[in-house]
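Biologist: Please take me through one part of this model up close, and then follow the thread outward. I am a first-year student, and it would help to have each term explained along the way.

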Amino acid sequence: MTEVAAMNAFIRHMLQYTIRLVRVEPNKRPVGLASGFIIPVEKQYRMISAAHAIGAYANWTVETLPVSSTETLMLVVPTVRKVAIPPKSKSDSLDLAWADLNPELLKDQLMAAQRLPSTAVELPLYTGPLDREPDPQVPYGYAAWNRVSFDPTDNTLIRENSCERNMRYVDTDADTGLYKFELARKHQGHGYYRGASGAPIAEPEGVIVSMLVCGDEDDDFLYGVPLKTHARVLLAR
């Protein structure tokens, strides 16, 4: 496989496992976007994302499959919890939150839906390790369907993906406790990454080491939560 083909395969893989989160309010267009990923914990599906998104606002849903040319089946996200780990300092913001999706309740939501997609709804479950330390010699990347525009002529949301490849892990930021990843190109502007918060950051084989929460436009860095530090809590029953 050529380098270009390998990078494209990585982006496709990450887009499959990075879930699309949409904040909705009754009778309104979507009012918020975020990303995340799902792991199995016992009989639950644990959805992990950024606390500054799903932990700060209510009414989040998981976008799944289209049910018509202008509609998508959305699964309601229940009570969101922030991981209860004290910060190291006042400047350290633990930007990590999760919610458990009960498969039986999800079935009930599907049964109550007015329209169903033509194919079965299968949530992408990440079953790999969460305690892998990033390696400065390994390239990292992410991909998310976070770039959204609204077409008022047919009331349709149009999605495009953002992505970064060949990021280099630098170190853990002393002020925030977040992993620091150097971009392989210029920072694309905060608008490009808006809605990608919560997207998993992974090595080429798809092993997730971090979760995107913010960036630095001046110094061309992205920052991610150190999942290894919090893996035990995230996997707790």
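Modeller: Let's start with the outward-looking side of helix 1, where Arg 12 and Gln 16 are exposed. Exposed means over 50% relative accessible area, buried means under 20%, and partly exposed is in between, with a 1.4 Å probe and protein chains only. Helices (H or I, at least four residues) and strands (E, at least two) are DSSP runs, numbered from the N terminus. Please keep in mind that this is a predicted model, where local features need pLDDT of at least 70 and side-chain atom pairs count only at pLDDT 80 or more, while totals for chains, interfaces and linings use all residues. Residues are numbered from 1 along each chain as its sequence is written, and side-chain values use heavy atoms, leaving out hydrogens and water.

Now turn helix 1 around. Its buried residues are Phe 10, Ile 11, Met 14 and Leu 15. Looking down the axis, these buried residues fall within an arc of 130°, so they line one face of helix 1. The arc is taken from the directions that run from the helix axis to the C-beta atoms. There is a simple rule behind such patterns: an α-helix has 3.6 residues a turn, so residues three or four places apart point the same way. Helix 1 covers residues 3-17, which makes 15 residues, and it reaches 21 Å from its first C-alpha to its last, close to the 21 Å expected at 1.5 Å a residue. That expected span is 1.5 Å times one less than the number of residues.

You can practise the same reading on helix 5 (residues 227-234), where Leu 227, His 230, Ala 231 and Leu 234 are buried. They cover an arc of only 145° around the axis, which puts them on the same side of helix 5. Thr 229 and Arg 232, on the other side of helix 5, are exposed. And what lies over the buried residues? The cover of helix 5 includes strand 2, strand 3 (44-49), strand 7 (97-101), strand 10, strand 12 (208-216) and strand 13 (221-226), judged by contact, which means heavy atoms within 4.5 Å.

Let's follow two of those strands to their aromatic rings. Rings of Phe, Tyr and Trp (its six-membered ring) pair if their centres lie within 6.5 Å; planes under 30 degrees apart count as stacked, over 60 as edge-to-face and the rest as tilted. By this rule the model has 6 aromatic pairs. One of them joins Phe 37 and Tyr 126 edge-to-face, with 6.4 Å from centre to centre and 85° between the planes. That pair links distant parts of the chain, 89 residues apart: Phe 37 sits in strand 2 (residues 32-41), and Tyr 126 in the loop between helix 3 (103-112) and strand 8 (139-151). With a relative accessible area of 0%, Phe 37 is buried, and Tyr 126 is buried too, at 8%. The rings of Tyr 169 and Tyr 179 have their centres 5.4 Å apart and their planes at 80°, so this pair is edge-to-face as well. Tyr 169 belongs to strand 9 and Tyr 179 to strand 10 (residues 179-182), 10 residues apart. Both Tyr 169 and Tyr 179 are buried. Ring pairs also tie Tyr 140, Tyr 169, Tyr 179 and Phe 181 into a cluster.

A neighbour of that cluster is Asp 135, which touches Tyr 140 and Tyr 169 when residues up to four places away in sequence are not counted. Asp 135 is found in the loop between helix 3 and strand 8, and at 32% relative accessibility it counts as partly exposed. A polar atom of its side chain lies 2.8 Å from the backbone nitrogen of Gln 137.

Strand 9 (residues 156-172) also holds Ser 162, which counts as buried at 0% relative accessibility. A polar contact of 2.6 Å joins the side chains of Ser 162 and Asn 146. A polar contact is a pair of N or O atoms within 3.5 Å; within protein, one must be able to donate a hydrogen and the other to accept it, and residues adjacent in sequence count only if both atoms are side-chain atoms.
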